[in-house]
Amino acid sequence: MRTDPITLEVIRNRLIAASRDIRRTIERAAYSPILYEVVDFSCGILDSEANLIAETPGLPIFLANLGYAVLSTYETIGRENLRPGDIVLCNDPYNGGGTHCPDLVALCPAFHDGKIRGWAAFRGHTVDMGGIYPGGWYSDTTEVYQEGFRLPPVKLVVEGTPNEEVFRLIRANTRVPDAVLGDIRAMVAAVRKGSQRFLEVIDRFGLNVTLAALNEILLQGEKLARAAVRRIPNGVYEAEAILDGDGNDDAPLDDKLLLKLKITVEDDEMTADFTGTGPQNRGPMNTPEPSTVSATRYAFKIVTTPHHPSNEGFFRALNIVIPDGSFLKPRFPAACAMWPTPSSTIPDLFLKALAPAIPDQVRGGHFGDAMANFIYGIDPASGKYYVCAEADAGGYGGKPTEDGESALFSMTLGDTYNVPAEVVEVRYPWQVERFELRQDSGGAGKYRGGLGVVRDYRLGFDAGLTVTADRVKYTPPWGVFGGKPGSTNITVVDRLDGTEERWRKISNLPLKKGEVVSFRGGGGGGYGFPLERAPQDVLEDVINGYVSLERARSDYGVAIDPSSMEVDERATQAARAEMRKREGRAEE
């Protein structure tokens with residue numbers, strides 16, 4: 001049975017609207033800024049076989065593996081044991097969660113005529129689910145048992161009645177129970193709303209028409225993806241990156257983690273093969289298989305059909321090979337608190353590998369890390385524990401026709417936001433002293449890389465800090481086609497005694513009242529040779545504060561008179577001629 005085109009589009013968009021209703025409910029009801037401000041979550045509508053049908057903007061790294069949570073629910077609880085009114089909760093990285101312990105998945109089945117016809121799904125970050133330190137994100141754990149309270153798929157709500165035993169277990173295993181349980185109640189309301197919206201579609205159009213439309217939505221996605229793959233020349237394309245490693249900077253656990261990717265394009269299919277990637281780590285920089293799949297799907301979507309809403313059909317043209325026991329498919333009980341770090345580089349590698357084949361569709365490397373940070377302690381105003389969880393923004397790589405974007409979160413974090421300074425200062429005991437673009441952080445190129453961000457907090461009370469940053473030592477944000485690399489990520493702590501500490505990774509670092517923590521996101525790599533950038537564009541960057549006078553001269557060969565703020569044409573021509581000679585390039 002086929003659905004007529006108009007009815008199909010109405011159903012498609014009503015299901016997208018259903019996923020948006022999940023998002024709106026969370027934003028209105030959640031307790032924690034990580035959800036209602038940062039939007040560290042994703043929502044989707046799935047069919048009864050766990051195929052993603054509709055989504056709303058959010059974290060792409062979450063969306064493509066929501067089906068894994070549904071399949072784990074079938075295996076753990078049993079399809080036959082689910083009832084109308086049930087709501088399932090899980091976070092176990094190896095059974096239903098697929099990420100790390102702070103990320104909770106809430107699922108609500110949509111029953112019609114006694115059978116599951118679909119699912120409303122949500123995955124979002126909670127600020128603390130127990131673990132060795134507050135926040136659930138660490139650089140030095142060595143097994144998942146240390147990382148927090150784990151829930152395989154369990155019935156949080158049983159036929160409409162809250163399962164108080166599960167609520168009590170969660171309350172007993174988090175440092176901030178009011179916030180976490182408030183967020184969970186918001187999740188319950190959200191997926192219940194999404195399930196209702198799904199059933200309204202069936203009530204309006206009938207079961208047969210709705211099921212036929214779901215099948216057609218998947219078939220259309222597959223056709224669009226396969227047509228896009230055909231436009232990429234057949235061939236084998238390879239790229240690799242070396243990640244810094246896990247542990248604390250002063251006590252590293254692993255070092256120089258090799259991430260390898262081979263892409264094979266053959267007619268209308270693409271294979272992403274990670275064979276050669278290093279073994280699972282002793283520390284927490286391991287990405288569970290569902291999240292590796294999700295990051296790979298996101299990268300595939302970027303280079304094939306970026307402007308179409310996702311569904312499972314788009315990924316039928318993609319084959320993924322992940323070596324078992326690697327840090328992209330670790331074996332239980334490997335620690336995985338820092339799972340986003342390896343996955344953040346996968347989309348970059350896709351673009352780097354495919355650059356020779358589709359140079360008009362790629363960009364330089366981006367700053368390449370979630371730059372997650374957690375500040376926690378006892379709030380002096382309330383006497384209660386608090387945990388502030390945030391990411392930091394950086395620059396994206398230059399593109400074939402324009403500069404890279406500045407001040408965005410990493411590619412796999414998608415449509416997330418910062419916590420506004422006003423909210424930070426109201427909710428937490430510190431002041432925001434600086435929040436600005438980081439000068440000279442974008443890699444030089446014909447099209448410059450985007451800039452990172454500097455954000456300084458002055459602590460109003462003693463606290464603890466966990467921060468992780470990668471792509472610093474071995475693989476900074478690379479340039480393409482002659483572009484230069486961008487600057488790297490770093491966190492700087494200014495101590496009361498005047499000393500300065502610089503950290504890539506550290507867990508549970510004590511901070512004193514009055515000390516300043518400066519989070520500094522890296523920049524994107526440049527696209528094309530810097531000497532091909534128009535001198536007037538360089539001048540504009542200097543006037544805007546994006547590029548310093550010194551770097552305008554050293555990176556671009558553009559001499560600018562600081563008194564008049566005009567380009568010295570003669571000095572610029574001479575400087576560029578000397579630079580071309582030094583680089584062995586012909587006169588342009």
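This report walks through a four-stranded sheet, the helices that lie across it, and two further local features of a predicted model.

## The open sheet

Let's start with the strands. The sheet is open, its 4 strands come in the order S8-S11-S12-S13, and the pairing is mixed. Strand S8 (235–243) and strand S13 (318–321) form the edges, each pairing on one side only. From one strand to the next, the twist averages 15°.

Inside this sheet, strand S11 (residues 257–266) and strand S12 (residues 269–273) run antiparallel and are joined by 5 bridges. If you want a spot to look at, Val 265 stands opposite Met 270 in S12.

## Two helices across the sheet

Helix H8 lies across S12 and S13, at about 140° to S13. Helix H9 lies across S8, S11 and S12, and runs at about 140° to S8.

H8 (residues 289–304) and H9 (residues 340–354) also meet each other: their axes come within 9 Å and cross at roughly 35°. This crossing is right-handed. Among the residues making the contact are Ala 295, Phe 300 and Val 303 of H8, together with Ile 346, Phe 350 and Leu 354 of H9. By type, the contact residues comprise 11 nonpolar, 3 polar and no charged.

## A helix and a hairpin elsewhere

Helix H6 (residues 177–205) has 29 residues and spans 42 Å from first C-alpha to last, close to the 42 Å expected. Gly 206 follows H6 and has a positive phi, near 90°.

A positive phi near 90° is also found at Gly 498, in the hairpin of S19 and S20, which has 5 residues between the strands. Strand S19 (residues 490–494) and strand S20 (residues 500–503) run antiparallel, with 4 bridges joining them. Val 492 has Arg 502 of S20 as its bridge partner.

Notes
Residues are numbered from 1 along each chain as its sequence is written. This is a predicted model: local features need pLDDT of at least 70, side-chain atom pairs count only at pLDDT 80 or more; totals for chains, interfaces and linings use all residues. Side-chain values use heavy atoms; hydrogens and water are left out. Two strands pair if DSSP finds at least two bridges between them. The expected span of a helix is 1.5 Å times one less than its number of residues. Axes are lines fitted to C-alpha atoms, for helices over the stretch in contact, and angles run from 0 to 180 degrees between N-to-C directions. A crossing is left-handed if the near helix is turned anticlockwise from the far one by less than a right angle, and right-handed if clockwise. Contact means heavy atoms within 4.5 Å. Ala, Val, Leu, Ile, Met, Phe, Trp, Tyr, Cys and Pro count as nonpolar, Asp, Glu, Lys and Arg as charged, and the others, Gly among them, as polar.
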